[in-house]
Structures are given as C-alpha cells and as structure tokens.
Amino acid sequence: MTSSGADAHPTTSPPAPPAGAGRPAVAGLLLAAGGGRRLGGRPKALLDFRGRPLVENAARVLRNGGCGPVHIVLGAAADTVRARAELSAYAVTENPDWAAGMGTSLRAGLAALAGTGADAVVVSLVDQPGIGSAAVARLVAAYEAGADLAAAAYEGRRGHPVLFGAERWAAVAAGAAGDRGARDYLAAHADALTLVECGDVAEPYDIDTPADLPRLAAGRAARGGDGA
C-alpha cells in the first residue's frame with residue numbers, strides 16, 4: 001500500500017515473508033536516492049547493470065544474502081526508477097530530502113523499518129556492484145552469532161555493508177547528517193564494532209564518476225552482482 005498526506009516519506013510495502021522459525025529477522029536497507037552529481041546527474045539507481053537498472057541487483061543482493069524484508073530508499077528521479085525497475089518484491093520509501101545527503105536517506109529508511117519486527121538491519125549502497133550476497137550473508141551470520149554492530153571489512157579496513165541491531169537504530173538516525181551517514185556513530189562505537197572480513201568474496205569499489213562505468217559491464221563484478 002502507499003501512504004500519503006502528512007507522511008513525509010511515502011512508502012510502498014509488499015507483504016513481508018514470515019521469518020524462519022526461531023531465526024532472528026534481519027532486514028535489508030538499500031540506500032538508492034542519490035542523483036549521481038559526479039556522473040552528470042545520472043541517478044545511480046538507474047545505471048545499466050547487465051541490462052537492468054542497478055537498483056534491482058543491489059536489492060536482490062540483500063534478499064539473496066538472507067535479509068527480509070528488504071527496504072529501498074529512493075530520491076532522485078524516484079518516479080522514473082519505480083517505472084523502469086522491478087521492485088514489487090520490496091518495500092520502497094521516497095526521501096524528498098535526498099539532496100541534503102545520504103544521512104537523510106538513512107534516517108528515512110530506519111523510520112520505515114520501525115514496527116516491522118526486524119531485529120537488525122543490513123545497510124548497503126546502490127553504487128557498489130562488486131559486493132554480492134556472500135558478503136551480506138556473512139554479516140547476517142555475525143548477527144546470529146551475537147554481534148549487534150558489524151561491518152564488512154576489506155583487508156582489515158571497515159567498509160560496506162554495515163549491520164545495526166534494532167536497539168541502535170534511534171541513535172544511528174539521530175547522528176546521521178549530510179553525506180556521512182552512520183560514519184560518526186561507527187567511529188564513536190569502534191570498541192563494539194565487529195569487523196567481518198569479506199575481501200575474498202567482494203570488492204568495495206564505488207560507481208562515482210564516468211571513469212567507473214566500465215566496471216558495470218557484465219563480468220567486471222566477478223565477486224559481486226547476483227545475476228539476472
């Protein structure tokens with residue numbers, strides 16, 4: 001259904017699948033609102049990846065990695081993204097303040113997850129096609145093993161995706177500002193952060209400029225991408 005009226009962040013929510021018996025519900029949150037300023041104003045969600053909009057692959061990565069429900073935050077060209085991408089299996093939230101930075105999308109996404117019953121969330125970015133479901137699955141496994149704050153690491157350096165236990169969402173949202181997202185929260189809670197090495201199954205590059213676009217060609221994301 002679609003909320004409207006006073007709701008500042010209209011959300012479309014398909015029925016959520018039931019969680020497995022006795023297994024914690026780890027939601028997925030895909031931040032896909034950016035306008036692609038350094039790409040000449042091409043919204044990253046609409047970039048072509050193996051013949052389909054990039055947002056479809058990024059959402060599928062979360063789902064195949066064990067996340068459910070999966071929420072997507074759109075912003076730039078949201079109507080066009082909805083029209084071109086097949087997103088009916090996911091909940092979609094529109095962030096009207098997307099131009100103010102990624103922090104606003106993180107806040108909108110966490111607000112949309114409130115009340116879903118999720119115990120934790122894996123947050124990922126639409127512009128990292130080298131990160132596939134194997135990395136997401138490792139974060140889900142880390143949560144099931146007891147970590148309520150975790151991040152994928154590449155040769156020991158923190159990267160994406162990131163996992164937050166539900167009890168941390170309010171503080172994460174309160175500190176999310178500009179394009180820093182949860183960076184300040186993670187730095188302040190470094191002693192509680194579990195780093196999950198993913199360098200053997202994923203590549204954490206971003207698609208930021210025209211020079212990065214060749215990485216989207218089929219076969220260039222050998223450790224990422226979850227196929228058609």
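Q: In this predicted model, which residue does Asp 184 meet in a salt bridge?
A: The N to O distance for this pair is 2.7 Å. Asp 184 is partly exposed at 39% relative accessibility, and its partner is likewise partly exposed, with a relative accessible area of 39%. The side chain that Asp 184 meets is that of Arg 180.

Q: How many salt bridges does the structure hold?
A: The pair of Asp 184 and Arg 180 is a salt bridge, and so is the pair of Arg 138 and Asp 200. Lys 44 and Asp 208 also meet in one. For the structure, the count is eight.

Q: How many residues apart in sequence are the parts that Lys 44 and Asp 208 tie together?
A: The two side chains come to 2.7 Å, N to O. Lys 44 sits in the loop between β2 and β3 (48-49), while Asp 208 belongs to the segment after β10 (194-197). The salt bridge therefore ties together parts whose separation in sequence, in residues, is 164.

Q: Is Asp 208 buried or exposed?
A: The cut-off for buried is under 20% relative accessible area. Lys 44, the salt-bridge partner of Asp 208, is on the buried side with 14%. Asp 208 has 17% relative accessibility, so the label for Asp 208 is buried.

Q: Which residues are linked with Lys 44 and Asp 208 in a network of salt bridges?
A: Lys 44 and Asp 208 already form a pair at 2.7 Å, N to O. The network takes in two further names, one an Arg and one an Asp. Those are Arg 38 and Asp 127.

Q: Which helix holds Arg 138, the salt-bridge partner of Asp 200?
A: The closest N and O atoms of the pair are 2.7 Å apart. Arg 138 is partly exposed at 29%, and Asp 200 is partly exposed too, at 49%. Asp 200 lies in the segment after β10, so the bridge ties together parts 62 residues apart in sequence, with Arg 138 in helix α4.

Q: What is the volume of the largest pocket?
A: Its lining counts 35 residues, and among those closest to the centre are Lys 44 and Asp 127, both of which also belong to the salt-bridge network. Met 102, Leu 125 and Asp 179 are among the closest as well. The space in this pocket comes to about 1000 Å³.

Q: Which element gives the most to the lining of the largest pocket?
A: The elements that give two or more residues are β2, α3 (102-113), β7, β9 and α6 (183-188). By type, the lining divides into 16 nonpolar, nine polar and ten charged residues. With five residues, the top contributor is β9.

Q: How many charged residues are in the lining of the largest cavity?
A: This cavity has a volume of about 110 Å³ and is one of two of 30 Å³ or more. Its lining has 14 residues, with Ala 58, Ser 124, Leu 125, Gln 128 and Ile 131 nearest the centre. Ten of the lining residues are nonpolar and four are polar. The number of charged ones is therefore zero: the tally says "no charged".

Q: Which element supplies the largest share of the lining of the largest cavity?
A: At least two lining residues come from each of α1, β7 and β9 (157-165). Ala 58, one of those nearest the centre, lies in helix α1. The largest share is five residues, and it comes from α1.

Q: What is the C-alpha to C-alpha distance between Ala 58 and Leu 30?
A: Ala 58 is buried at 9% relative accessible area. Not counting residues up to four places away in sequence, Ala 58 touches Leu 30 and Val 126. Ala 58 and Leu 30 are 28 residues apart in sequence, and their C-alpha distance is 7.2 Å.

Q: How many residues are in the largest nonpolar core?
A: Leu 30, Val 55, Ile 72, Leu 87 and Val 122 touch the most other members. Elements giving two or more residues to this core include β2 (26-32), α1 (54-64) and β7 (120-125). A second, separate core of 23 residues includes Ala 27, Leu 125, Phe 164 and Ala 182. The largest core's count is 46.

Conventions: Residues are numbered from 1 along each chain as its sequence is written. This is a predicted model: local features need pLDDT of at least 70, side-chain atom pairs count only at pLDDT 80 or more; totals for chains, interfaces and linings use all residues. Side-chain values use heavy atoms; hydrogens and water are left out. A nonpolar core is a set of buried Ala, Val, Leu, Ile, Met, Phe, Trp, Tyr and Cys residues joined through side-chain atoms within 4.5 Å. Buried means under 20% relative accessible area, exposed over 50%, partly exposed in between (1.4 Å probe, protein chains only). Helices (H or I, at least four residues) and strands (E, at least two) are DSSP runs, numbered from the N terminus. On a 1 Å grid over the protein atoms alone, a cavity is a set of points where a 1.4 Å probe fits but cannot get out, and a pocket is an open set with protein on both sides within 12 Å along at least five of seven lines; lining residues have an atom within 4 Å of a point. Grid points are joined across faces, edges and corners, and a volume is the space filled by probe spheres set on the points. A salt bridge is a side-chain nitrogen of Lys or Arg within 4 Å of a carboxyl oxygen of Asp or Glu. Contact means heavy atoms within 4.5 Å.
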